[in-house]
Amino acid sequence: MVDPIMIFGSILFAILFAFLMLVFFTTIIAFFKKEEYPDFEPYVSVIVPCYNEEKNIKRCLESVFASDYPKEKLEVVVVDDGSTDQTRKIIREMQVKYPQIHLIHGNHEGKSVSLNLGAKNSRYEILFCIDADTFIHQDSLKKLVRPLKLEEVGATNGSCIAENTNSLISIFQRIEYHYNNLIRRSFSVLFKNGIWFFGAFACYKKEVLKKIGYFKQDTMTEDMDTAMEIYQAGYRTVNVSDALGYTKVPHSLSHFYKQRSRWWIGALQTLKKNKALFSKRSSPSILFLFVSQYWWSLYAFLSFPIIVYQI
């Protein structure tokens with residue numbers, strides 16, 4: 001007698017295999033392609049939103065000033081979102097060493113508000129936004145800026161790497177981040193448009209952000225939402241794979257669950273909000289973003305009971 005649950009499980013895993021093979025062949029083909037960008041060193045405003053980041057803010061800012069980007073072309077706008085620890089004190093101490101740092105006081109209204117506050121109080125047309133718990137490689141900023149010389153490019157971001165490996169779950173995330181970076185690089189190179197835009201460190205054209213109404217506040221993933229609105233406005237987002245940034249990742253199961261719940265809900269909010277992009281006229285990268293997000297959401301709910309049933 002044929003078991004319908006086993007048949008359904010076989011179909012589900014066959015789809016999974018086909019999905020992974022698509023990713024595999026995309027990665028292989030993209031391996032033989034490379035994008036070159038012209039030299040471009042405009043003035044850049046660095047935006048750093050932070051809240052209770054006394055353990056991280058100094059290293060973040062030090063990495064910006066340690067970059068090989070011309071220091072005379074940088075200003076750093078740090079938006080403190082109402083910290084209750086020593087974050088502001090550390091920033092003021094760093095202002096003595098780095099007079100390019102400007103401190104703005106926020107009212108604990110969230111990251112999107114802080115980013116918008118920093119962007120609107122910046123002087124330059126290229127914005128580099130970086131999370132306070134992230135630090136960049138020496139040549140990352142220079143590499144991120146170059147694609148923005150192209151008129152059709154509205155934003156860029158690099159390869160985000162999990163820095164801490166002090167627990168099993170953080171080690172798993174480092175492997176996951178490398179996997180995601182590989183896919184993001186492949187789709188960006190092959191289809192000329194990025195997917196899974198990570199806002200931990202990214203460059204934007206200020207005029208493009210103005211056009212879309214700056215960073216979004218109505219979803220839980222403002223970086224993904226903003227990137228999709230940039231695409232809707234007629235611009236490309238580009239992944240610069242050799243621009244490296246290192247970020248702190250959750251080291252406990254509770255923090256990991258909290259982060260991923262926010263990412264999952266925020267991604268679904270963003271896709272629903274930008275559902276008009278899901279059409280045959282969209283870039284394959286955008287279509288893949290929709291399909292993969294809905295597929296993994298469905299697979300997560302259906303696979304576990306089937307596996308338990310098989311056991």
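**Second largest pocket and unpaired cysteines**

Strand 8 provides the largest share of the lining of the second largest pocket, with five residues. The structure is a predicted model, and this briefing takes up that pocket before turning to the cysteines, for which the count of disulfides comes to zero.

**The second largest pocket**

- The volume of the second largest pocket is about 310 Å³, and of the 13 residues that line this pocket, those closest to its centre are Lys34, Glu35, Tyr37, Val240 and Asp242.
- Two or more lining residues are given to the second largest pocket by helix 6 (168-191) and by strand 8 (236-247).
- When the lining of the second largest pocket is sorted by class, seven residues are charged, four are nonpolar and two are polar.

**Cysteines without a disulfide**

- A disulfide is a covalent bond between the sulfur atoms of two cysteines, and under the cut-off applied here the two sulfur atoms must lie within 2.5 Å.
- The cysteine sulfur closest to that of Cys60 belongs to Cys50 and is 8.6 Å away, which is too far for a bond.
- Cys60 has a relative accessibility of 0% and therefore counts as buried, the limit for that class being under 20%.
- Cys129 is likewise in no disulfide, since the nearest cysteine sulfur, that of Cys203, lies 8.1 Å away and the cut-off is 2.5 Å.
- Cys129 also counts as buried, because its relative accessibility is 3%.

How values were computed: Residues are numbered from 1 along each chain as its sequence is written. This is a predicted model: local features need pLDDT of at least 70, side-chain atom pairs count only at pLDDT 80 or more; totals for chains, interfaces and linings use all residues. Side-chain values use heavy atoms; hydrogens and water are left out. Buried means under 20% relative accessible area, exposed over 50%, partly exposed in between (1.4 Å probe, protein chains only). On a 1 Å grid over the protein atoms alone, a cavity is a set of points where a 1.4 Å probe fits but cannot get out, and a pocket is an open set with protein on both sides within 12 Å along at least five of seven lines; lining residues have an atom within 4 Å of a point. Grid points are joined across faces, edges and corners, and a volume is the space filled by probe spheres set on the points. Helices (H or I, at least four residues) and strands (E, at least two) are DSSP runs, numbered from the N terminus. Ala, Val, Leu, Ile, Met, Phe, Trp, Tyr, Cys and Pro count as nonpolar, Asp, Glu, Lys and Arg as charged, and the others, Gly among them, as polar.
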